[in-house]
Amino acid sequence: MLDYLKRRDYRPQTLKELLQRLEVPKGERPAVRRAVREMVEDGRVVRLSGRRLVAGGPDGATSGVLERRPDGRAVVVPLDGGREVVVPERHVGDARGGDTVAVRIIDRDRRRRARAAIVEVLDRGDDAVLGLCVRSGRSWWVKPFDADRPGVQVPSAFRLGATTGDVVAVEVLRAGGRGGPPEGKVVELLGPLGTPGVDERVVCRRHRLRTTFPRETIAAARRLPSAAPAEEIARRERFDDPAPVTIDGETAKDFDDAVAVEALDGGRARLAVHIADVAWFVRPGDPIDLEAYARGTSVYFPGTVLPMLPERLSNDLCSLRPHEDRLVQSVIMDVDARGEVRDFRVADGVIRSAARLTYGAVAEALERPRGRHGIPRDVIEMLRHADRLRERLERRRQARGSVDFDLPEPEILLDVEGVMTGVSVRPRNRAHRMIEEFMLLANETVAGLFERRAMPCLYRVHELPDPAKIEALAEFARKFGLTLDVDPDAVAPGDIQRLLRAAEGRPEYPVVAQVALRSMRQARYSTDNVGHFGLAAPSYLHFTSPIRRYPDLVAHRIARDLGRRGATRD
């Protein structure tokens, strides 16, 4: 049965059709049906609509979203987070970019990369076509933004007032063919191209982003307590000494992490990373949780954000504002002189942030501790311990081969009307690197705990680079006199790190770093821990931003469950 389902000329059929095609004797059919049910349950066989069957597994069928790349290639990104597969044009059929499709692996190239054929469109990404309204002679057309879609002719009566240069969504009423081009009607007018806010609306419409919260979600947020209940605060461990602080950008509105560092004997340090306890307020299955799950993450645009959680949580109850009691999940780590975590625990905590600090102010205070920066002396002393710990952790990561792309962060500048006026470069200073190191360590520590306890969770994994891209990177580096002499099938993160170090201080460093970054795979979420290549970490997950990422919220719930049993190193 499986061999037949994997044949290249196989077309999806029902079990009844398969039994007849394979001439299975009637007396054996009940046993075959039981076997097929078992194979569907374990994923070796996938059931499509109409109860038609295809082979599953790594060389069988999977489902994903069809994407059209700028070079015209059609690829399917699997819904289970697996590696994307290329779909040759002759096997795309009538599927369009954004459609959810079922694909069947048909072969692999010389690099063992899968190529697939689309066997069914499971869900149309969006029946509406997004594009630019234009006039040609007496006819009105919508020129789609998706290159793989044809232009749609729109009768004047169906323009909804759109004119040349307007961005619109059009519903196709008649498919094109020999009888002429597709015809449709404008169902939404998004505004003139180039007007502030139009690009954002296009992105939201195209990717079905949720721009407003449902009434039941808003009502649930209003029912939340105005502050953390006194009985819950009394139940928790207080972390007041040393006093934690938040360190964020100058324009940040929510503060979901706070840190504190204490010097211990023998060159050790105790690092406390406190994360807003979103999981205490957002319970599984409630309206806030269901909406957060549907959104998955907050989505950031220049100057604005589509938050994962209602503002009552993200900017109030779960924002670690100074001098106010806030519930947190805390990771307390004892770090030795080499930057290794020797002991840790995860606890339900409560804190009062001592100060809301910015990256710029912290960097200046570390450079000029006696200058005028408005930071109390005891906090500056704590920050100096924190900066020494940062250096230790950076050396530890570099020693194990972690790849550090020290690239400046671009910042889009907008005027008061939301029009882009330019792009500035936001350099990374010591304070940026400090918080980055502390969050990385907390995430890695919690991931290691979950793995040792064999807790099902969502790891953040980063797989080995595509060997073909490593070969291309090595060839590119040679043009600048740089060497990446490695086996493309066995590249290690330290190899990339050494290339970047060799390029440091040279004018071509930014472009070499960008090409190196693009030669690596994108990190993804997976229940299967395959490690994190870029960080050279055996285990890694997201724990430190449950305000804006749902996987972090899941990790917090798992940590609380473990906490009831004692979440420590052992």
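Let me begin with two helices: the axes of helix α8, residues 287-295, and helix α16, residues 550-563, come within 9 Å and cross at roughly 130°. What I am showing is a predicted model, in which local features need pLDDT of at least 70 and side-chain atom pairs count only at pLDDT 80 or more, while totals for chains, interfaces and linings use all residues. Residues are numbered from 1 along each chain as its sequence is written, and side-chain values use heavy atoms, with hydrogens and water left out.

A word on terms. Axes are lines fitted to C-alpha atoms, for helices over the stretch in contact, and angles run from 0 to 180 degrees between N-to-C directions. Helices (H or I, at least four residues) and strands (E, at least two) are DSSP runs, numbered from the N terminus.

At that crossing angle, α8 and α16 are therefore oblique to each other; angles under 35 degrees count as roughly parallel, over 145 as roughly antiparallel, 65 to 115 as roughly perpendicular, and the rest as oblique. Which residues in α8 meet α16? They are Asp 289, Ala 292 and Tyr 293, and on the α16 side they meet Tyr 550, Leu 553 and Arg 557, where contact means heavy atoms within 4.5 Å. The residues of this contact divide into four nonpolar, no polar and two charged, with Ala, Val, Leu, Ile, Met, Phe, Trp, Tyr, Cys and Pro counted as nonpolar, Asp, Glu, Lys and Arg as charged, and the others, Gly among them, as polar.

Let me turn to strands. An open sheet of three strands has the order β1-β3-β2, with antiparallel pairing, and two strands are taken to pair if DSSP finds at least two bridges between them. β1 (13-14) and β2 (45-47) stand at the edges with a single partner strand each, so one side of each is left without a neighbour in the sheet. Three bridges join β2 to β3, residues 52-55, and Val 46 stands opposite Val 54 in β3.

Further along, β23 (residues 409-414) and β24 (residues 420-426) pair in the antiparallel sense over six bridges, and one bridge partner to look at is Gly 422 in β24, which is matched with Leu 413. These two strands form a hairpin with five residues between them, and Gly 418 in the turn has a positive phi of about 85°.

Now to helix α4, residues 198-206, in which Val 198, Val 202 and Cys 204 are buried; buried means under 20% relative accessible area, exposed over 50%, and partly exposed in between, with a 1.4 Å probe and protein chains only. These three cover an arc of only 165° around the axis, which puts them on the same side of α4, the arc being that of the directions from the helix axis to the C-beta atoms. The buried residues of α4 pack against several strands, including β9 (128-136) and β12 (166-174).

Just after α4, Arg 208 takes a positive phi of about 55°, and this residue is partly exposed, with a relative accessible area of 48%. Glu 23 also has a positive phi of about 55° although it is not a glycine; it is found in the loop between α2 (15-21) and α3 (29-41), and at 68% relative accessibility it counts as exposed.

Is Asp 316, in helix α9, buried or exposed? At 19% relative accessibility, Asp 316 counts as buried. Leaving aside its neighbours within four places in sequence, Asp 316 is in contact with Glu 311, Arg 321 and Arg 326.
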